[in-house]
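The following exercises are to be worked through with the sequence and the three-dimensional structure at hand. Each task is followed by a solution in steps.

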Amino acid sequence: MTYIHPTQAAEFWEARYQGDDRIWSGRPNPLLVREVSDLEPGTALDLGCGEGADAVWLASRGWRVTGVDISSTALERAARHAAEAGVGDRVQWERHELGVTFPEGSFGLVSAQFLQSPVPLDQDQVLGRAAAAVAPGGTLLIVLHGGWPSWQEEPPFDVEFPTSAGLLVALALPDGSWTLETQDTARTPSVSPEGVQGYRDDHVWRLRRTGQ
Ligand SMILES: C[S@@+](CC[C@H](N)C(=O)[O-])C[C@H]1O[C@@H](n2cnc3c(N)ncnc32)[C@H](O)[C@@H]1O
């Protein structure tokens, strides 16, 4: 893989957020809602939080959330969203270029929802650190696109999508310390910018840290 200076990732995402008033829907990711609704609230880390919809949803359910993103524009929008939702005091926002720096501490829930990028990102390393940040008894939730949407005729750029089994191999979590609670591929509706209806296959892994 070509080495990309870290600032190229920051520049890419900053330009992406600055190019539009809003990129994402403002609603929490359905697979996060599905997997987390039954958990007892505690502390949560949302990696690649974007405009903050997941972090705000978690905070509104009683979690104390740290939202992390590479883009300061995204984090400013996320903080505004949290304040408007009345949960500004339950979320703190940190700017990190994950892979270079990582938030301190351990958390009852570490969530990475679509932490994917057209700019190379060492996903295995970052997700390995995500696992290390889960407190004993806590949950690691990873959701990643497994491919392009069905309506996408030509891939717009080269990217390697994870497989459901491949990510677990790459994480190499120690035997006996983790329980795999969900390993699933969910087909979710996806609409192209031109309004073509289709679907996307997303992989979900939920693991509980049962040991140190
Ligand atoms: C595909 S978006 C997903 C956003 C959000 N989690 C969601 O599901 O709507 C990927 C997010 O990861 C962030 N990101 C990409 N590379 C990053 C990096 N190296 N460090 C921190 N955040 C990064 C981007 O700024 C973007 O907000």
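## Exercises on a predicted model

In this predicted model, a backbone N or O atom of H96 lies 3.4 Å from a nitrogen atom of the ligand.

**Exercise 1.** Determine which other backbone atoms approach a nitrogen atom of the ligand, and how much of the ligand's area the protein buries.

*Solution.*
Step 1. For G48, a polar backbone atom is found 2.7 Å from a nitrogen atom of the ligand.
Step 2. For L98, the distance from a backbone N or O atom to a ligand nitrogen is 2.9 Å.
Step 3. The ligand taken alone exposes 600 Å², of which the protein buries 92%.

**Exercise 2.** Describe the shell of residues around the ligand by class, and state which residues come nearest.

*Solution.*
Step 1. The shell holds eight nonpolar, six polar and two charged residues.
Step 2. There are 16 residues around the ligand, and those that come nearest are Y17, N29, G48, D69 and Q113.

**Exercise 3.** Establish whether strand β4 is largely enclosed or largely open, and identify the strands that pair with β4.

*Solution.*
Step 1. Strand β4 comprises residues 107-113. A residue counts as buried when its relative accessible area is under 20%.
Step 2. Six of the seven residues of β4 are buried, so the strand is largely enclosed by the rest of the structure.
Step 3. Strand β1, residues 43-47, pairs with β4 in the parallel sense over four bridges. Within this pairing, A44 has L109 of β4 as its bridge partner.
Step 4. Strand β5, residues 134-145, runs parallel to β4 and is joined to β4 by six bridges. Here F107 is partnered with V134 of β5.
Step 5. Between β4 and β5 the chain passes through helix α5, residues 123-132, and this β-α-β crossover is right-handed.

**Exercise 4.** Follow the pairing from β5 to β7 and from β7 to β6, giving the sense of each.

*Solution.*
Step 1. Strands β5 and β7 run antiparallel and are joined by seven bridges; β7 spans residues 197-209. The bridge partner of L141 in β7 is R206.
Step 2. Strand β6, residues 178-191, is also antiparallel to β7, with 13 bridges between the two. In this pairing L180 stands opposite L207 of β7.
Step 3. The hairpin of β6 and β7 has five residues between its strands, and G195 in this hairpin takes a positive phi near 95 degrees.

**Exercise 5.** State what is unusual about the phi angles of F114 and A172, and classify each residue as buried, partly exposed or exposed.

*Solution.*
Step 1. Most residues other than glycine have a negative phi.
Step 2. F114, which is not a glycine, has a positive phi near 55 degrees. F114 belongs to the loop between β4 and α5.
Step 3. A172 is likewise not a glycine, and its phi is positive, at about 50 degrees. A172 is placed in the loop between α6 (164-171) and β6.
Step 4. The relative accessible area of F114 is 22%, so F114 is partly exposed. A172 counts as exposed because its relative accessibility is 57%.

**Exercise 6.** Locate I23 and decide whether I23 is buried or exposed.

*Solution.*
Step 1. I23 lies in the loop between α1 (6-18) and α2 (30-36).
Step 2. Its relative accessible area is 19%, so I23 is buried.
Step 3. I23 and A74 are 51 residues apart in sequence, yet their C-alpha atoms are 9.3 Å apart in space.

How values were computed. Residues are numbered from 1 along each chain as its sequence is written. This is a predicted model: local features need pLDDT of at least 70, side-chain atom pairs count only at pLDDT 80 or more; totals for chains, interfaces and linings use all residues. Side-chain values use heavy atoms; hydrogens and water are left out. A residue is near a molecule or strand if one of its heavy atoms lies within 4 Å of it. A polar contact is a pair of N or O atoms within 3.5 Å; within protein, one must be able to donate a hydrogen and the other to accept it, and residues adjacent in sequence count only if both atoms are side-chain atoms. Accessible areas come from the Shrake-Rupley method with a 1.4 Å probe; for residues, only the protein chains shown count as cover. Ala, Val, Leu, Ile, Met, Phe, Trp, Tyr, Cys and Pro count as nonpolar, Asp, Glu, Lys and Arg as charged, and the others, Gly among them, as polar. Buried means under 20% relative accessible area, exposed over 50%, partly exposed in between (1.4 Å probe, protein chains only). Two strands pair if DSSP finds at least two bridges between them. A crossover is right-handed if, with the strands pointing away from the viewer, the path from the first strand over the helix to the second runs clockwise.
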